[in-house]
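Student: I would like a close look at a single part of this protein. Could you walk me through it slowly and show me what surrounds it?

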Amino acid sequence: MIVALIDSGLGMLPTAARLRHARPELDLVLMMDPDNAPWGPKPDGWVVDRVVGTAQHAVELGAEVVVLPCNTASVTALSHVRAALGDTIPVVGTVPAIKPAAAVSDRIAIWATAATTASAYQGRLIEQFASHRTVTSVACHGLADSIDRGDARGIGAAIAAAVAATPADVESIVLGCTHYPLVLDEIVAQLPTEVTMFDSAEAVANQTVRRVDEVGSSDSGTGRVSVWLSGIEGGLPASAQRYREAKLLRGDARAEQY
């Protein structure tokens, strides 16, 4: 069983690591696009073409389930990918964890990229699930890019700026970019201990496992992890090695488990 994950950068790693932990026999194909990252500022039509083309390439490589662990890809291209691949290939998208946060918290901050923060999509999610809560949208300028580069100083500065923009009485923070869980420990270290964190990686991984089981492939897989960078087979970028998720994916027994 081959599962393909598609994102412009390292935001797929939290979901991929959870899949690896839950189903180590799955063959994972990690399809990144460093030549064109980030996708957020790109025109919608360009993103649709890029994501659909990458998904079709994944199917050519044998993928039986396709995952978009990326808010930009999901918001912009999910329906187009499903239409292009047809009913036989399940496609799993990503939704920021606003609904579960609003179920337990009165005061919520949503940390996301500038593009997502300004999007009508996030506004609709807030209206749909959290209209009865106090919600603060925080644009985390440069955080995702710094994570992709493995830039410790940039990560620290971006987190500090986001903390400064977050109300002191906030109860929960929704990590609305799939990159951000990679630096969860650094985020938590700068926040009051009582703040609850929400991200989508576990939910996306769980939904992927359900779709894998529905497909019911006779080939369980060998646990291989392959990486494609802007259409060329390669390896995880050197910056990825900063994160425990990458260590888990490469089979490092010392990596912290989920």
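Tutor: Happy to. Let's begin with a word we will need: a residue counts as buried when its relative accessible area is under 20%, and as exposed when that area is over 50%. Keep in mind too that this is a predicted model.

Our part is helix 1, and the sheet and helices around it. Helix 1 covers residues 13–22. Eight of its 10 residues are buried, so helix 1 is largely enclosed by the rest of the structure. Those eight are Leu13, Pro14, Thr15, Ala16, Ala17, Arg18, Leu19 and Arg20. What do they pack against? Their partners are strand 1, strand 2, strand 9, helix 10 and helix 11, the last of these being residues 244–249.

Let's take the sheet side. Here six strands form an open sheet in the order 4-3-1-2-9-10, and the pairing is mixed. At the edges stand strand 4 (91–92) and strand 10 (232–234); each has a single partner strand, so one side of each is left without a neighbour in the sheet. At the strand 4 end, strand 3 (residues 65–67) pairs with strand 4 in the parallel sense over two bridges, and Val66 has Val91 of strand 4 as its bridge partner. Helix 1 packs on this sheet and touches strand 1 (2–6), strand 2 (27–32) and strand 9 (225–229). The direction of helix 1 makes about 175 degrees with that of strand 2.

Now turn to the helix side. Helix 10 spans residues 201–215, and helix 1 packs with it at an angle of about 50 degrees, their axes being 8 Å apart. That angle is why helix 1 is called oblique to helix 10. The crossing of the two is right-handed. From helix 1, the residues that meet helix 10 are Pro14, Thr15, Arg18, Leu19 and Ala22. Across from them, helix 10 offers Ala201, Glu202, Val204, Ala205, Thr208 and Val209. By class, this contact has seven nonpolar, two polar and two charged residues. A general point helps when you look at such a list: an α-helix has 3.6 residues a turn, so residues three or four places apart point the same way.

Follow the chain back from helix 10 and you come to Ser200, in the loop between strand 8 and helix 10. Is Ser200 buried or exposed? Its relative accessible area is 8%, so Ser200 is buried. Leaving aside neighbours within four places in sequence, Ser200 is in contact with Thr94, Val95 and Thr178.

Strand 8 leads us to another sheet, an open one of four strands in the order 6-5-7-8 with parallel pairing. Strand 6 (134–139) and strand 8 (196–198) are at its edges, and each has a single partner strand, so one side of each lacks a neighbour in the sheet. From one strand to the next, the twist averages 20 degrees. Strand 5 and strand 6 pair over six bridges, and Ala139 in strand 6 is the bridge partner of Ala112. Helix 6 (residues 120–130) lies across both strand 5 and strand 6, running at about 160 degrees to strand 6.

One last stop is Ile110 in strand 5. With 0% relative accessibility, Ile110 counts as buried. Beyond residues up to four places away in sequence, its contacts include Ile98, Gln122, Ile126 and Val174.

Notes:
Residues are numbered from 1 along each chain as its sequence is written. This is a predicted model: local features need pLDDT of at least 70, side-chain atom pairs count only at pLDDT 80 or more; totals for chains, interfaces and linings use all residues. Side-chain values use heavy atoms; hydrogens and water are left out. Buried means under 20% relative accessible area, exposed over 50%, partly exposed in between (1.4 Å probe, protein chains only). Contact means heavy atoms within 4.5 Å. Axes are lines fitted to C-alpha atoms, for helices over the stretch in contact, and angles run from 0 to 180 degrees between N-to-C directions. Angles under 35 degrees count as roughly parallel, over 145 as roughly antiparallel, 65 to 115 as roughly perpendicular and the rest as oblique. A crossing is left-handed if the near helix is turned anticlockwise from the far one by less than a right angle, and right-handed if clockwise. Ala, Val, Leu, Ile, Met, Phe, Trp, Tyr, Cys and Pro count as nonpolar, Asp, Glu, Lys and Arg as charged, and the others, Gly among them, as polar. Two strands pair if DSSP finds at least two bridges between them.
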